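User: I should like to learn how to read the features of a protein model, one at a time. Please take a single residue as the starting point.

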Amino acid sequence: MQKFSSRRYFLKSVAIGSTALVMPSLTRCSPSSQSKPNVLVIFCDDLGFGDLGTFGHPTIRTPNLDRMAAKGQKWTSFYAAASVCTPSRAGLMTGRLPVRSGMCSDFRRVLFPDSANGLPQSEITIARALKTVGYNTACIGKWHLGHLPEFLPTSHGFDYYFGIPYSNDMDKIRSLSLEEQLDPKIENYNVPLMRNEKIIERPADQHTITKRYTEEAIKFIAEHKESPWFIYLAHTMVHIPLFASEKFRNTSRRGLFGDTVEEIDAGIGRILQTLVETGQEKNTMIVFTSDNGPWLPFREHSGSAGLLRDGKGTTWEGGMREPTIFYWPGKINPAVVPDIGSTLDLFATIVTLAGGAIPTDREMDSYDLAPALFENNKSPRNEMYYYRGQQLFAVRQGAYKAHFITMSEYQQDNKRQEHDPPLLFNLDVDPGENYECSAKVPDVVDTIKKLAEKHKSELIKGEDQLIARIQDAES
Ligand code: MG
């Protein structure tokens, strides 16, 4: 058994962690445990808006997700908190824009195996909020909010962790050509597989990673049927390098990418079956979404944003709008919802549903989506702030989105461009952001400009947690 050593960073963590001692208590009276719903959040990696059958892909078969979408709610304007892994996950976990927690950076876009920091202890995760109201909590899959002990899921409110702590293409044994990455070999990526704080396998056998995540989730569900649980099932796939287990390899008409999506879908089918068999289906809400859009440079190993523009790493719609499904038989009214929602809203939605408390000592960016989910009312969210690193690039209000700065990431032309007046698109009419329309509605431009200025003037940025490297701290 092997552990990551926190070395001297532990002292730093204690200093950060001490702020947690002055936080108000989250304890609150609540209904009995038995009446509380279970919550399963299934979070894919780099899955594009167009990569599910129910969202229009012509050759990827996702019968279980299709059924969940038909019997639940399919949200078509639902956004990740950022366009790359680490800040996106920080936003989901805390209900706060990652710029507030410092989990985004203008210098390093995500955490790496040499990163010295992670999600600060002063942040409150969904899991930590749910612990105060009696939930059993498990994180299964990719974490990417810090791999040193003080930043792992078990230090952030999760009772149990099983997974690869960062991206599955990290810890490369050497620089790999595009061709090598499109013909992935386990031994080229020395990534660890962890159970709680211990490394149990290295390199992780990624062929079976989706299967094992599914089995871990099923086990946790079956073992905790008498008391409420929260599972954050963050699949490592479909982030490249792509791997599928033997049963699924070469089975999809979409190639290896399709094999990995179809294996995830089949795993969801097994989880749904377990919920039925253990009598928990009527008391479990499932949310399915992804952390950011498709990673486009990897040819046919890349996903697709469908009709949306660009992909991962950008503040165009393809970077942050995700295929999203809410499912809870008998509770969620079936619908296709074009209103705005975000992974930022999962904190308030889930914690409120569980009878927990929303922190009042900090700025939150989380709306409780209950009116839309359970009463067929409009989504309470009417705006979205699109950040790249710590800079506000675009703002959406209602149907309109204004780009103040644009920059692609993996396209040939990735020059940073500032726009004054901003580029404006009507996303109801033009979800592909093809037809700039600011001249038609100057009042809308003014309104969104003022909204952006107000947001920026009131924002308190957190200290950059992504920039420090282990070797910097040791020198
Ligand atoms: Mg990702």
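## Reading burial, rings, metal and domains

Analyst: Tyr-160 has a relative accessible area of 16%, so this residue is buried. The cut-off behind that reasoning is 20%, since a residue under this value counts as buried. Please note that the model is predicted.

User: How many aromatic pairs does a search of the whole structure find?

Analyst: A pair of aromatic rings is described by two quantities, the distance of the centres and the angle of the planes. Searching the whole structure yields 14 aromatic pairs. One of them is formed by Phe-78 and Phe-326, an edge-to-face pair with 5.8 Å from centre to centre and 70 degrees between the planes. This pair links distant parts of the chain: Phe-78 belongs to strand β3 (residues 73–79) and Phe-326 to strand β10 (residues 321–327), 248 residues apart. Phe-78 has 0% relative accessibility and therefore counts as buried. Phe-326 is likewise buried, its relative accessible area being 0%.

Tyr-160, met above, forms a stacked pair with Phe-220, where the centres are 6.5 Å apart and the planes make an angle of 20 degrees. Because Tyr-160 lies in strand β5 (residues 160–163) and Phe-220 in helix α7 (residues 209–223), the pair ties together parts that are 60 residues apart in sequence. Phe-220 counts as buried, at 7% relative accessibility.

User: Which residues form one aromatic cluster?

Analyst: The cluster consists of Phe-43, Trp-143, Phe-158, Phe-230 and Tyr-232. A ring may also have a charged group over it. The charged end of Arg-309 sits over the ring of Trp-316, 3.7 Å from its centre. In the case of Lys-74, the charged end sits over the ring of Phe-55, 5.1 Å from the ring centre.

User: Which residues are the protein donors of the magnesium ion?

Analyst: To read a metal site, list the donor atoms and then consider the sequence. Here the donors come from Asp-45 (OD), Asp-46 (OD), Cys-85 (SG), Asp-291 (OD) and Asn-292 (OD1), at 2.1 to 2.6 Å from the magnesium ion. Their spacing in sequence is D-D-x38-C-x205-D-N. Asp-291 and Asn-292 are both buried.

User: Where do the bounds of domain 1 and domain 2 lie?

Analyst: The domain assignment gives domain 1 as 36–381 and domain 2 as 385–458. Their centres, taken over C-alpha atoms, are separated by 27 Å. At the interface, 26 residues of domain 1 are in contact with 26 residues of domain 2. Together the two domains bury about 2,200 Å² between them, 54% of it on carbon and sulfur atoms. On the domain 1 side, Asp-106, Thr-315 and Trp-316 lose the most area to domain 2, together 26% of what that side buries.

User: With which residues is Thr-260 in contact, leaving aside its neighbours within four places in sequence?

Analyst: Thr-260 is in contact with Met-237, Val-238, Leu-242, Phe-243 and Ala-244, once those neighbours are left aside. Thr-260 lies in helix α8 (residues 255–277), and its relative accessible area of 1% makes it buried. Two of these contacts lead to a backbone feature: the peptide bond from Met-237 to Val-238 is cis, with omega near 10 degrees. Val-238 is found in the loop between β8 (229–234) and α8.

User: What is the peptide bond from Asp-420 to Pro-421?

Analyst: That bond is cis, with omega near 5 degrees. Pro-421 has its place in strand β15 (residues 417–426).

Notes. Residues are numbered from 1 along each chain as its sequence is written. This is a predicted model: local features need pLDDT of at least 70, side-chain atom pairs count only at pLDDT 80 or more; totals for chains, interfaces and linings use all residues. Side-chain values use heavy atoms; hydrogens and water are left out. Donors are N, O and S atoms within 2.8 Å of the metal (3.2 Å for Na, K and Ca); water is not among the atoms, so sites may look incomplete. Buried means under 20% relative accessible area, exposed over 50%, partly exposed in between (1.4 Å probe, protein chains only). Rings of Phe, Tyr and Trp (its six-membered ring) pair if their centres lie within 6.5 Å; planes under 30 degrees apart count as stacked, over 60 as edge-to-face and the rest as tilted. Helices (H or I, at least four residues) and strands (E, at least two) are DSSP runs, numbered from the N terminus. A charge sits over a ring if NZ of Lys or CZ of Arg is within 6 Å of the ring centre and within 35 degrees of the ring normal. Domain bounds come from an automatic or database domain assignment. Contact means heavy atoms within 4.5 Å. Buried area is the accessible area (1.4 Å probe) that two parts lose on being put together, summed over both.
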